[in-house]
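User: Please take a close look at a single helix and describe its surroundings in one connected account.

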Amino acid sequence: MEKQVILNAKQIELTIKRLCHELIESHDDFKNSVIIGLQPRGVQVVARLKNELESILGHSIQCGNLDITFFRDDFRRTEKQLLPSVTNLDFSIENKKVVLVDDVLYTGRTIRAGLDALLTFGRPAKVELLILIDRRFSRDLPIQADYHGKSVDTLKMERVSVDWLETEGIDQVLLFTKEGNE
Amino acid sequence: MNNLSVDHLTGIRDLTNEDIQLIFKMADSFKDVINRPIKKVPSLRDITIANLFFENSTRTRLSFELAEKRLSADIVNFSASSSSVKKGETLIDTVNNILSMKVDMVVMRHPNPGAAHFLSQRISAKVINAGDGTHEHPTQALLDAYSIREELGDVSGKKVVIVGDILHSRVALSNIYCLKKLGAEVMVCGPTTLIPKHIADLGVSVSHNLKEALAWCDVANMLRIQLERQEINFFPSLREYSMLFGLNKQLLDSLDKRIIVMHPGPINRGVEITSEVADSDQSIILNQVENGVAIRMAIIYLLASKIER
């Protein structure tokens, strides 16, 4: 495996800032909007967004986490047991504008499950998708993001990993490529 | 540890501590699901489950049915009172006929001890024991322990007394196995005639004095007197039983601490427990029922993930 840094700590910081300004462009003061991160890896992105948005806006915004395990389409189709994480939504999404957040958009299957899981909590006015890394041209389903951090072209055998200071000890986005696979 | 060590749930005896912790962890998530506005997830939409009840049941059967429906499984129900069993069909024939209709999992309650184990050795479908005679009732024990964990934070190190008909009770046996595996101290309490000989070999202590037992414990699980399993008289009268082993408010208040009261249902009000106690804030009887659905969803989900495609 050869690895290549797609985004370093400084670039991640800039990207998060830009995404926040884009969000404010269409959500104004976030009075009727909520941000929901998909478990497990969208949660860190939400934490960063929340921090930045609150310092720009000067007031708190509603954020939650959504677990999609029971809505996945690969139950019994993978060897490993699908184990859930915690869902943490202590507000109503009825008639709210929801921004779903995940770290990497690849096949689109996670987002499909996320939409189904989200709808069990009510009927939002609008759902948008924010993605830190968009792996273009690799979708299995017709799903696209409304806000992109960075788009990359990748092959199926490659892997993208997003590391965070809080969990992995460093802010970076890496692309792993198999050797001799240039 | 991400998967159960067993392919069927025939009894608590076969489970490891890790299995039980995994079931509890899954149940936490399912408890969250059943408290949502839409209480359903699509995980088991391509699975069919047969509920075979060769013995009467209301709570367990409803609880299993709800658990299955909330996981989106297709279900078929069968009860012995309205079936070919009455015409003399054997258990294995009945089940094989149902399995030919492509059923992936069987939930069975049967009056004979070992029926679930017998079945699990002979059919390809996953088997869940919903009570086999006087042997085991694993899902009840798991939901009881789960309710204790929810109330007290942990089961390990807690003192639990099981009061009543230990001799005929599958709930008692499964509870003893389950609580011991989780590191709790267990005592059984009841009239001499209703405590099996050598029960202490399971690592439990025995008492014939309810007040003493209550003073010792953190949790009291009051079992139902199973009038249907008492062909001979094990005690002189219900009145005498309830005077000696029934839990009333006066007795509960005389303790110098707050204990938790449980009951697997259905309650004989005024026999093993008075209405005042059953409806008091120390009773978690209705929490047990709610947790029952979450625990059964967890077990079905974990076993279903082992079904071959």
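Analyst: Just after helix α2 of chain B, B:Ser72 adopts a positive phi of about 70 degrees. The model is a predicted one. The helix that precedes this residue, α2(B), is made up of 12 residues. From its first C-alpha to its last it reaches 16 Å, close to the 16 Å expected at 1.5 Å a residue.

Several positions of this helix are buried, namely B:Thr60, B:Ser63, B:Phe64, B:Ala67, B:Glu68 and B:Arg70. The elements of chain B that cover them include the helices α1 (17-33) and α11. Strands β1 (48-53), β2 (74-79), β3 (105-110) and β4 (126-132) of chain B are also among the covering elements.

The packing against α11(B) can be described in detail. The axes of α2 (residues 59-70) and α11(B) come within 8 Å and cross at roughly 55 degrees. Because of that angle, α2(B) counts as oblique to α11(B). The crossing of the two helices is right-handed. On the α2(B) side, the contact is formed by B:Arg59, B:Ser63, B:Phe64, B:Leu66, B:Ala67, B:Glu68 and B:Arg70. On the α11(B) side, the contributors are B:Val289, B:Gly292, B:Val293, B:Arg296, B:Met297 and B:Ile300. Sorted by class, this contact of α2(B) with α11(B) comprises seven nonpolar, two polar and four charged residues. B:Ser63, B:Phe64, B:Ala67, B:Glu68 and B:Arg70 are listed among the buried residues of α2(B) and also take part in this contact.

Helix α11 (residues 285-304) of chain B has a further partner in α5 (residues 138-152) of chain B. These two helices pack at an angle of about 120 degrees, and their axes are 8 Å apart. The crossing of α5(B) and α11(B) is likewise right-handed. From α5(B), the contact draws on B:Thr139, B:Leu142, B:Leu143, B:Asp144, B:Tyr146, B:Ser147 and B:Glu150. From α11(B), it draws on B:Asn287, B:Gln288, B:Asn291, B:Gly292, B:Ile295, B:Arg296 and B:Ile299. The contact of α5(B) with α11(B) contains five nonpolar, six polar and three charged residues. B:Gly292 and B:Arg296 of α11(B) appear in the contact with α5(B) and in the contact with α2(B).

Note on methods:
Residues are numbered from 1 along each chain as its sequence is written. Chains are lettered from A and ligands numbered from 1 in the order in which they are written. This is a predicted model: local features need pLDDT of at least 70, side-chain atom pairs count only at pLDDT 80 or more; totals for chains, interfaces and linings use all residues. Axes are lines fitted to C-alpha atoms, for helices over the stretch in contact, and angles run from 0 to 180 degrees between N-to-C directions. Helices (H or I, at least four residues) and strands (E, at least two) are DSSP runs, numbered from the N terminus. A crossing is left-handed if the near helix is turned anticlockwise from the far one by less than a right angle, and right-handed if clockwise. Two residues are in contact if their C-beta atoms, placed from the backbone, lie within 7 Å. Ala, Val, Leu, Ile, Met, Phe, Trp, Tyr, Cys and Pro count as nonpolar, Asp, Glu, Lys and Arg as charged, and the others, Gly among them, as polar. Angles under 35 degrees count as roughly parallel, over 145 as roughly antiparallel, 65 to 115 as roughly perpendicular and the rest as oblique. The expected span of a helix is 1.5 Å times one less than its number of residues. A residue is buried if 20 or more other C-beta atoms lie within 10 Å of its own, exposed if 12 or fewer, and partly exposed in between; C-beta atoms are placed from the backbone.
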